[in-house]
Amino acid sequence: MVSLRDIARVLDGLSLVAKEGISRSNTVPLETAIKAAVLSVADVAGLTKGNLRQIDNVHRDTGNDTVIFFTDHVPAPNSHPPPTPGADATVLLNIGSSMDPDSQTSVDVYPPSDASSTSNATIVDGAVIPETSVDVCPQSAAPSTSNTTAVNGAVTPLKQRRLRERKVPSTPFSRAMGFAGLGAGLAWGTLQESTKRVLFGMPNSENKQHALSPYLSERNAERLALALCRMRGAALKLGQMLSIQDESLVPAPILAALDIVRQGADRMPRNQLNQVLDAELGSNWSSNLTSFDYEPMAAASIGQVHRAVTKEGLEVAIKIQYPGVADSIESDIDNVKLLLTYTNLLPEKMYLDSAMKVAKEELSRECDYELEAKNQKRFRSLLTNTKGFYVPFVVDNISSKRVLSTELVPGIPIDKVALLSQETRNYVGKKLLELTLMELFVFRFMQTDPNWSNFLYDEAEKSINLIDFGAARDYPKHFVDDYIRMVLACANNDREAVIEMSRRLGFLTGTESDIMLEAHVQAGFVVGLPFSKRGGYDFGSTNITQSISNLGATMLRHRLTPPPEEAYSLHRKLSGAFLACIKLRAVVPCREILLQVYENYQFAEEASGKILSTSSI
């Protein structure tokens with residue numbers, strides 16, 4: 001049974017959120033404030049339904065009423081044509097919102113029969129579980145190689161969320177009140193669960209934390225996920241970040257519900273979309289286009305993407321930011337932190353303050369589309385003469401700080417490449433690992449979002465089209481110098497060098513317990529395993545993720561310091577590269593790729609040279 005102290009903690013957190021909403025309402029007329037509060041709370045709580053949008057995966061022809069033409073003449077696009085039903089090609093656009101490689105925030109252009117590789121069920125230890133839905137939606141919203149999940153031989157239903165058109169809460173006050181509504185809902189759900197336990201006893205659950213805590217009921221977890229989808233912005237972004245953690249960090253019921261947030265966000269209604277375009281590009285923005293499709297190709301945490309055709313006949317992807325999300329990053333993250341803190345959903349040693357500080361900085365960069373355009377142009381220049389990669393160009397005259405237009409490129413994401421031949425999978429896996437090491441150790445400038453839809457393989461050109469550079473960042477020379485030394489130490493099973501570099505980089509303080517040191521070193525050796533021997537490493541037969549998860553639980557209990565600021569984005573990208581190779585079941589000559597980079601690496605003059613000499617390689 002839940003204690004009164006626990007209930008008080010939830011209500012205390014709710015009161016803090018409400019106080020913030022009230023503090024932001026000082027300049028708002030009372031009548032307007034009350035109306036906005038009621039609407040925000042009702043909307044986020046799900047009492048308002050929004051307008052249902054039926055999303056299809058098939059490329060729409062000129063007869064679709066969502067496509068608006070601005071001239072009588074409709075030129076044939078001179079860029080990559082969209083696939084037709086029966087074609088194998090896929091055109092995807094990703095918004096850069098999800099930290100999860102499995103997160104398909106983009107919409108594939110598929111023939112209806114190819115929406116999934118098997119069926120809309122989940123395979124669990126041999127049993128099939130039919131798919132269920134939350135506001136049931138078409139399966140095409142976020143196709144994957146399989147819409148089934150296997151768990152111990154039985155099939156469990158996969159919840160999918162119906163795609164809806166819903167206005168984005170765009171003012172600090174409306175967003176604060178939305179969080180207040182969420183807090184009230186969680187408090188009510190906790191009381192409901194506690195009452196149920198008093199009357200019917202504790203639930204039977206393999207997850208101990210779920211069984212002990214009434215906060216972690218399935219209904220509460222689902223309530224949290226759906227509210228984040230309705231709020232969008234930094235709130236949804238954090239939900240997506242949490243959704244890719246393992247059960248040592250985030251309780252299983254929360255992870256299961258957060259699968260919903262990876263299916264994408266609600267869409268902006270047309271009038272709100274037009275307001276953003278008018279504000280950013282001017283009321284005559286359509287003068288640069290011959291057509292614009294109001295049905296988004298993708299909708300995620302920060303914005304949504306639309307297909308358009310320019311006056312020159314070029315097909316472009318126009319990414320449009322949700323109104324108010326850039327200005328609400330600070331308050332959104334603070335409010336999410338309040339809810340997480342007062343409901344004890346995350347462990348203490350997760351160092352939430354450090355993670356939230358980094359999240360604020362990253363989200364601020366991602367909301368600046370002018371910065372993203374510069375990042376994209378920089379990557380395009382860096383990779384111009386690199387075989388196997390292509391970066392689409394930016395269309396400057398229809399871009400701004402909140403709108404970004406780029407060349408629309410073809411390709412299939414990593415999970416679809418997994419259906420191709422072993423030779424192709426090996427090639428793509430090798431190119432992805434080469435790109436990751438090149439970004440860090442050659443450019444010291446990395447696109448840190450590992451979403452699989454950011455890497456689109458064009459089989460005809462044998463090239464990977466790279467999109468979405470909002471999460472790109474530089475890394476300091478001294479950090480990269482020590483990091484490449486640590487990577488090689490991990491590959492060579494050099495315990496002393498791993499500990500020394502970890503201290504210099506800030507992963508260790510030097511006063512850790514033997515248990516912590518051993519877990520840290522072994523985790524390094526596990527990650528270094530693909531680089532430990534020459535020849536192809538078979539990612540299809542690895543258990544790296546399980547090993548890291550087990551060691552991570554130990555480190556979480558015993559670590560004395562949060563990781564260095566650079567590690568949050570870097571490790572997200574590195575783990576994404578490994579997960580991609582695992583998904584592809586690729587065989588990759590990892591050690592040869594690493595040694596080629598290391599032998600050509602230029603260390604800073606003031607450094608003590610290569611701690612690991614080439615003779616130790």
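**Exercise 1. In this predicted model, find the strand order of the open sheet of 3 strands and state how its strands pair.**

Solution. The order is β14-β18-β17, and the pairing is mixed. At the edges stand β14 (389-390) and β17 (455-458). Each edge strand has a single partner strand, so one side of each is left without a neighbour in the sheet.

**Exercise 2. Is the pairing of β17 and β18 parallel or antiparallel, and over how many bridges does it run?**

Solution. Strand β18 covers residues 463-466. Its pairing with β17 is antiparallel and runs over 4 bridges. As one position to locate, D458 lies opposite S463 in β18.

**Exercise 3. Which helix packs on this sheet, and which strands does the helix touch?**

Solution. The helix is α13, residues 422-443. Helix α13 touches β14, β17 and β18. The direction of α13 makes about 140° with that of β17.

**Exercise 4. Describe how helix α14 and helix α19 cross, then sort the residues of their contact.**

Solution. Two packed helices are described by the angle between their axes and the distance between the axes. For α14 (residues 477-491) and α19 (residues 590-599), the axes come within 11 Å and cross at roughly 145°. The crossing is left-handed. From α14, the contact uses I484, V487, L488 and A491; from α19, R591, L594, L595, V597 and Y598 take part. Sorted by type, the contact has 8 nonpolar residues, no polar ones and 1 charged.

**Exercise 5. How many helices and strands does the protein chain have, and what share of its residues is buried?**

Solution. The chain has 19 helices and 21 strands. Of its 617 residues, 57% count as buried.

Definitions and conventions
Residues numbered from 1 in each chain as written. Predicted model: local features only at pLDDT ≥ 70, side-chain atom pairs only at ≥ 80, totals over all residues. Heavy atoms only, no water. Axes fitted to C-alpha atoms, helices over the stretch in contact; angles between N-to-C directions. Helix = DSSP H or I, 4+ residues; strand = E, 2+ residues; numbered from the N terminus. Left-handed = near helix turned anticlockwise from the far one by under 90°. Contact = heavy atoms within 4.5 Å. Nonpolar A, V, L, I, M, F, W, Y, C, P; charged D, E, K, R; others polar. Buried < 20%, exposed > 50% of the residue type's maximum accessible area, 1.4 Å probe, protein only. Pairing = 2+ DSSP bridges.
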